[in-house]
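Reader: I should like to go through this structure in a series of questions, moving from single residues to helices and then to the chain as a whole. Please show the sequence and the model before we begin.

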Amino acid sequence: MNTPPIAVRSPGLAAAPTMSPDAVLAWFDTRASLNERWLFTLDGRSGAGKTQLSERLAQHYPHAQVLHLDDLYRDWDSLPSGVLRARQLVEHWRAGRSPSYKPTQWAGVPPREREPIHATRSLIVEGVGAGWVGQNIAEGSAWLEASREQRRIRALRRDGEMFAPYWVNWEAQERSWFAAHPPRPDVVIDASDLTEEERSAAR
């Protein structure tokens, strides 16, 4: 049986202005001017393009650091605990402390040392649930929106076939999380355009 597309019916999404990935950089610039040390969050479902945009932002703001929530989900069933862990780290950072964390060792990925979050540097948090992580703290929060099929293509291209068996289960976790914590971003980013590589993968 086919699983229907997930749709979050959130007034917060309807109320937020929609921008393209290129146009949103100027919007982030205005938000970055609010504080010398700022927090941005990039939320959205798996495959929406959050990691790619976080890389663009990291290049645009070389002094900033990026926290990937994929490094905090301990397995394919631990979305809520990973988000809670991220919130604790961000609260320590906001209080002027420099917490650290041990990135999850996913299959096929070499083990990594503990990663610090420097108290003096601005912070970008990206991943499913990032908006909640930065709730009442972030200077700017964005939600990336794309269709289910576009997101599936991107996610499987990024993570390979190892992700395929977990796709529906992860969707269910996303659905539960966003039902309990409806997204209320400052801006919605239209991430619906597929690259040529993504179009080829879809054929």
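Author: A residue is called buried when its relative accessible area is under 20%, and exposed when that area is over 50%. The model discussed here is predicted.

Reader: By that cut-off, is W93 buried or exposed?

Author: W93 is placed in helix α4. The cut-off for burial is a relative accessible area under 20%. Because the relative accessibility of W93 is 0%, this residue counts as buried.

Reader: Which residues is W93 in contact with, and how far in space is W93 from S122, C-alpha to C-alpha?

Author: With neighbours within four places in sequence left aside, the contacts of W93 are R37, W38, L39, Q65, P99, I117, H118, A119, R121, S122 and L123. S122 lies 29 residues from W93 in sequence, and the C-alpha to C-alpha separation in space is 9.5 Å.

Reader: Where around the axis of α4 do its buried residues lie?

Author: The buried residues of α4 are L79, G82, V83, A86, R87, L89, V90 and W93. They span an arc of only 165° around the axis, so they lie on the same side of α4.

Reader: What covers the buried residues of α4?

Author: Both strands and helices contribute to this cover. Among the elements in contact with these buried residues are the strands β2 (39-43), β3 (65-68), β4 (100-101) and β6 (123-126), together with the helices α5 (130-133) and α7 (167-180).

Reader: What distance does α4 reach from its first C-alpha to its last, and which residue just after α4 takes a positive phi?

Author: Helix α4 runs over residues 79-94, which number 16. The expected reach at 1.5 Å a residue is 22 Å, and α4 is close to this with 23 Å. The residue with a positive phi, of about 95°, just after α4 is G96.

Reader: How many residues does α7 have, and where do its buried residues lie around the axis?

Author: With 14 residues, α7 reaches 20 Å from its first C-alpha to its last, close to the 20 Å expected at 1.5 Å a residue. Its buried residues are W167, W170, E171, Q173, E174, W177 and F178. Because they cover an arc of only 160° around the axis, they are on the same side of α7.

Reader: Which exposed residues does the face of α7 turned away from its buried side carry?

Author: Exposed residues are those over 50% relative accessible area. On the face turned away from the buried side of α7, they are S176, A179 and A180.

Reader: Why do the buried residues of α3 line one face of the helix?

Author: In α3, which comprises residues 50-60, the buried residues are K50, L53, S54 and L57. They line one face because, seen down the axis of α3, they fall within an arc of 105°. On the other side of α3, the exposed residues are Q52 and Q59.

Reader: Is S46 buried or exposed, and which residues is S46 in contact with?

Author: S46 belongs to the loop between β2 and α3. Because its relative accessible area is 5%, S46 is buried. Its C-alpha is 8.0 Å from that of G127, although the two are 81 residues apart along the chain. Beyond neighbours within four places in sequence, the contacts of S46 are V128, R151, A155, R158, F163, W167, W170 and E174.

Reader: Is D71 buried or exposed?

Author: D71 sits in the loop between β3 and α4. Leaving aside neighbours within four places in sequence, its contacts are Y101, K102, P103, T104 and R112. Because its relative accessibility is 8%, D71 counts as buried.

Reader: What phi does N136 have?

Author: N136 is in the loop between α5 and β7 and, at 80% relative accessibility, counts as exposed. Most residues other than glycine have a negative phi. N136 is not a glycine, yet its phi is positive, at about 65°.

Reader: Which element gives the most to the lining of the second largest pocket?

Author: This pocket holds about 300 Å³ of space. Its lining has 22 residues, with G131, W132, Q135, R184 and P185 nearest the centre. The elements that give two or more residues are β2, α5, β7 (140-145) and α7. With four residues, the element giving the most is β7.

Reader: For the chain as a whole, what percentage of the residues is buried?

Author: The chain contains eight helices and eight strands. Of contacts between residues at least 6 apart in sequence, 80% join residues at least 24 apart. Among the 203 residues in the chain, the buried share is 46%.

Terms used: Residues are numbered from 1 along each chain as its sequence is written. This is a predicted model: local features need pLDDT of at least 70, side-chain atom pairs count only at pLDDT 80 or more; totals for chains, interfaces and linings use all residues. Side-chain values use heavy atoms; hydrogens and water are left out. The expected span of a helix is 1.5 Å times one less than its number of residues. Buried means under 20% relative accessible area, exposed over 50%, partly exposed in between (1.4 Å probe, protein chains only). The arc is that of the directions from the helix axis to the C-beta atoms. Contact means heavy atoms within 4.5 Å. On a 1 Å grid over the protein atoms alone, a cavity is a set of points where a 1.4 Å probe fits but cannot get out, and a pocket is an open set with protein on both sides within 12 Å along at least five of seven lines; lining residues have an atom within 4 Å of a point. Grid points are joined across faces, edges and corners, and a volume is the space filled by probe spheres set on the points.
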